[in-house]
Amino acid sequence: MTTPSPAVAVVIPAKDEASRIAATIRGVRTIPGVATVVVVDDGSSDGTATVAAREGAEVVRLARNHGKADAMMSGLGRVTGLQRVGRLARDAAVLFADADLESSAGAVGALVGPVHRGEADLTIAILPTQRGTAGGHGLVVGLARTGIEELTGWTPTQPLSGMRCLSPAAVEAATPFARGWGVEVGMTVDVLDAGLTILEVPCDLHHRVTGSDWRSQVHRAAQYRDVALALGVRRLRRRLGPG
Ligand SMILES: O=c1ccn([C@@H]2O[C@H](COP(=O)(O)OP(=O)(O)O[C@H]3O[C@H](CO)[C@@H](O)[C@H](O)[C@H]3O)[C@@H](O)[C@H]2O)c(=O)[nH]1
Ligand SMILES: O=C(O)[C@H](O)COP(=O)(O)O
């Protein structure tokens, strides 16, 4: 007899991902222990929610766009609701995955083992070099990395990586999330501040890279703003001290 894998709840924030979400849901379903897949449609203008429902996901539909962090918080709300009604184990790990991973999505499964074995409270995926040309200059990544380093003494390899698996203790330490694109940086700092452990895990994931056109640069500006805000709030907290 094989021992059943401990439960995992997958949460996928998704904005206008109708062409990718089905493959991503199918990918994460291959991960042992996945008890539920929650897709949060963050005010999409395409058929993301319809496709996700057709794939059998739990769909949370936000009427307007709230940004990635709020979508993730809404997903956690659904996870808690499922736990309350006994449809999901209370000690389930939560695995956040982006919607654009498509057929590579199953590779986030590597994040689960260390959390279930108690080797880490938070695991973060390290992605291989992506296909296509990235159009950035490393400004947002640099801001995030040096900010985390300054606040915690730990240097992350890919500070913006959003594929993350959290133990219940890490969920408690990391919530409420920093807004928008600041969610990963805020989570990293808050989890380390709580005395919990983080492990980076290489995962063979492929996603849509941000290019170099004007839309991509506007996206990077929003990332920069949100990361700077998440760091600023935490610096201020340090200065003000506990309580
Ligand atoms: O308003 C939004 C915008 C995006 N998304 C979803 O968030 C995920 C990540 O968005 P994406 O457009 O792929 O952003 P990237 O710039 O490629 O994201 C990188 O950087 C982000 C932090 O800035 C991380 O959250 C991501 O995991 C990381 O891949 C995807 O599932 C989106 O559908 C939302 O839920 N709401
Ligand atoms: O393309 C990326 O990796 C992100 O949008 C961050 O951009 P940057 O760190 O290159 O500014």
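User: Which residues does valine 38 touch, not counting residues up to four places away in sequence?

Analyst: This is a predicted model. In it, valine 38 touches Ala9, Val10, Val11 and Ile12. Its other contacts are Ala57, Glu58, Val60, Gly75, Arg78 and Val79.

User: Which residues touch the most other members of the largest nonpolar core?

Analyst: Start with the general idea. In soluble globular proteins, nonpolar side chains tend to be buried together. Here the largest nonpolar core has 66 residues. Val38 is among those with the most contacts to other members, along with Val11, Val39, Leu95 and Val108. Strand 1 gives the most to this core: 6 residues.

User: How do I read the sheet? What is the order of its 7 strands?

Analyst: Strands of a sheet pair through backbone hydrogen bonds, either parallel or antiparallel. In this structure the sheet is open, and its pairing is mixed. The order is 3-2-1-4-6-5-7. Strand 3 (58–62) and strand 7 (198–202) are at the edges. Each has a single partner strand, so one side of each lacks a neighbour in the sheet. From one strand to the next, the twist averages 20°.

User: How many bridges join strand 5 to strand 6?

Analyst: There are 3, between residues 122–126 and residues 164–166. These two strands run antiparallel. Leucine 122 of the pair stands opposite leucine 166 in strand 6.

User: Which strands does helix 1 lie across, and which does helix 3 touch?

Analyst: Helix 1 (residues 21–29) lies across strand 1 (8–14) and strand 2 (34–42). It runs at about 160° to strand 2. Helix 3 (residues 68–84) packs on the sheet. Helix 3 touches strand 1, strand 2, strand 3 and strand 4 (93–96). Its direction makes about 150° with that of strand 1.

Definitions and conventions
Residues are numbered from 1 along each chain as its sequence is written. Chains are lettered from A and ligands numbered from 1 in the order in which they are written. This is a predicted model: local features need pLDDT of at least 70, side-chain atom pairs count only at pLDDT 80 or more; totals for chains, interfaces and linings use all residues. Two strands pair if DSSP finds at least two bridges between them. Helices (H or I, at least four residues) and strands (E, at least two) are DSSP runs, numbered from the N terminus. Axes are lines fitted to C-alpha atoms, for helices over the stretch in contact, and angles run from 0 to 180 degrees between N-to-C directions. Two residues are in contact if their C-beta atoms, placed from the backbone, lie within 7 Å. A nonpolar core is a set of buried Ala, Val, Leu, Ile, Met, Phe, Trp, Tyr and Cys residues joined through C-beta atoms within 7 Å. A residue is buried if 20 or more other C-beta atoms lie within 10 Å of its own, exposed if 12 or fewer, and partly exposed in between; C-beta atoms are placed from the backbone.
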